[in-house]
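Reader: I should be grateful for a close look at a single part of this model and at what surrounds it. Please state the criteria behind each term as it arises.

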Amino acid sequence: MPRAILHVDMDAFFAAVEQLDNPSYRGKPVIVGSDPKGGAGRGVVATCSYEARKYGIHSALPISQAYKRCPHGIYVRGRHSRYSELSGKMTSILGEFTPLVQKISIDEAFLDVTASMHLFGGALEVAKLLKLRIHQELHLTASVGVAPNKFLAKIASDLKKPDGLVVVKEGKEKEFLKDLHISRLWGVGKKTEEALLNRGIEKVGQIAERSQVELNRDFGKHGNALWRLSQGLDDRPVEANEGRKSISQETTFDEDIADPEKVEKVLFRLAESLSRTMRQEKVKGRTITLKIRFEDFTTHTRSRTFADFIDSTQIIKGVAISLFRRFGELEQKVRLVGIGVSQLSCSVGEQLGLFDQEAPLNTKLSNLLDSLRDKFGEGAVGRAAMLEKRTTKRSE
Ligand SMILES: [Mg+2]
């Protein structure tokens, strides 16, 4: 069954919010970003109004350049809490059309309305309705792309900005793509673009005409992806991200560390701090992941998943240490370590099961330590193992 995916993208979001809240900014070039300081400012443009775009200003342009192009523009630093507030309202509106909303940035989201569109009269109707709701309730405009997949929906939302609505019908994917410039394809960066242009390929349709074999030969592992995108194929699901998916903490050492005992002490502290945050936020998770980055910047992760939801310091620490010990003798110095917990649940109950015997005691101990830290500060209490020298040989 074909899917109905929407990509919703607010138009010039930060600048539009500034114009909404400051009527005197309306109809004028508004540039949200760093301080231009008379044209000598560092940093870049975050967003600018459509009036500013007429001067050749765009996101990511150095702010000093923007100032040269439009010295009389209105330069503002941005009010992120206000943007987040409106972003939250946007998310609530989108959530009324489907539970499958995947927010990909503060002002953009994918929606899978395959199952719910019939309630509203089809995907196009959903798009029209949600644009209307955003306009009426937030007094802002959004552009929407409607397509059989995420890749096409995202391109479509960008084609008729601002206040755009572009539909890509099933079966018309290749036709929709054929005259678009190759830089529109995901994953086509400067290098790939150059390589394509060198081969006389400028439009997406020209990629679609090549065989997969030819593309694989010329572009290695990207060849297959290029071919698929040129055909308008993309089967990635819309992954609803209600709430957070994981919680993690990491430490980059001031100097790279060769001594595994030192690394373990840091892991212990991270486990203490992470599990404490989890208990405060009332989240538990089933997967514990250790992240380690070596001095040559190679990064590894190792995970362990439990049947039960966990927030115990003791368990998180134990798992992190045992995952770390699996690396064996350290051949390189360690630059960074982190612990993450994912597959979260906001369940309130106690973790039981695998750790039946020790979990209640651990929970009590964790809670006691938390309350001591609340009273006396972070450094007040540590468990003995943090201070002890490890005497046993590392083994799994
Ligand atoms: Mg936007």
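Author: The account below begins with one strand and then turns to its neighbours.

This is a predicted model, in which local features need pLDDT of at least 70 and side-chain atom pairs count only at pLDDT 80 or more, while totals for chains, interfaces and linings use all residues. Residues are numbered from 1 along each chain as its sequence is written, and side-chain values use heavy atoms, with hydrogens and water left out.

Strand β6 covers residues 108-112; helices (H or I, at least four residues) and strands (E, at least two) are DSSP runs, numbered from the N terminus. Of the 5 residues of β6, 5 are buried, so the strand is largely enclosed by the rest of the structure. Buried here means under 20% relative accessible area, exposed over 50%, and partly exposed in between, with a 1.4 Å probe and protein chains only. E108, F110 and D112 point one way from β6, whereas A109 and L111 point the other way. In a regular strand the side chains alternate between the two faces of the sheet.

Two strands pair if DSSP finds at least two bridges between them. Strand β1 (residues 5-10) pairs with β6 in the antiparallel sense over 5 bridges, and I5 stands opposite D112. Strand β5 (residues 101-105) also runs antiparallel to β6, to which 4 bridges join it; K103 has A109 as its bridge partner. A hairpin through 2 residues connects β5 to β6.

The magnesium ion has as its protein donors D9 (OD), M10 (O) and D107 (OD), at 2.1 to 2.4 Å. Donors are N, O and S atoms within 2.8 Å of the metal (3.2 Å for Na, K and Ca); water is not among the atoms, so sites may look incomplete. Along the chain the donors follow the spacing D-M-x96-D. D9 is buried at a relative accessible area of 11%, and M10 is buried at 2%.

Helix α4 (residues 80-95) also belongs to this setting: its buried residues pack against β1, α1 (13-21), β2 (30-33), β5, β6 and α5 (123-138), where contact means heavy atoms within 4.5 Å. The buried residues of α4 are R82, Y83, L86, S87, M90, I93 and L94. Seen down the helix axis, these buried residues fall within an arc of 135°, so they line one face of α4; the arc is that of the directions from the helix axis to the C-beta atoms.
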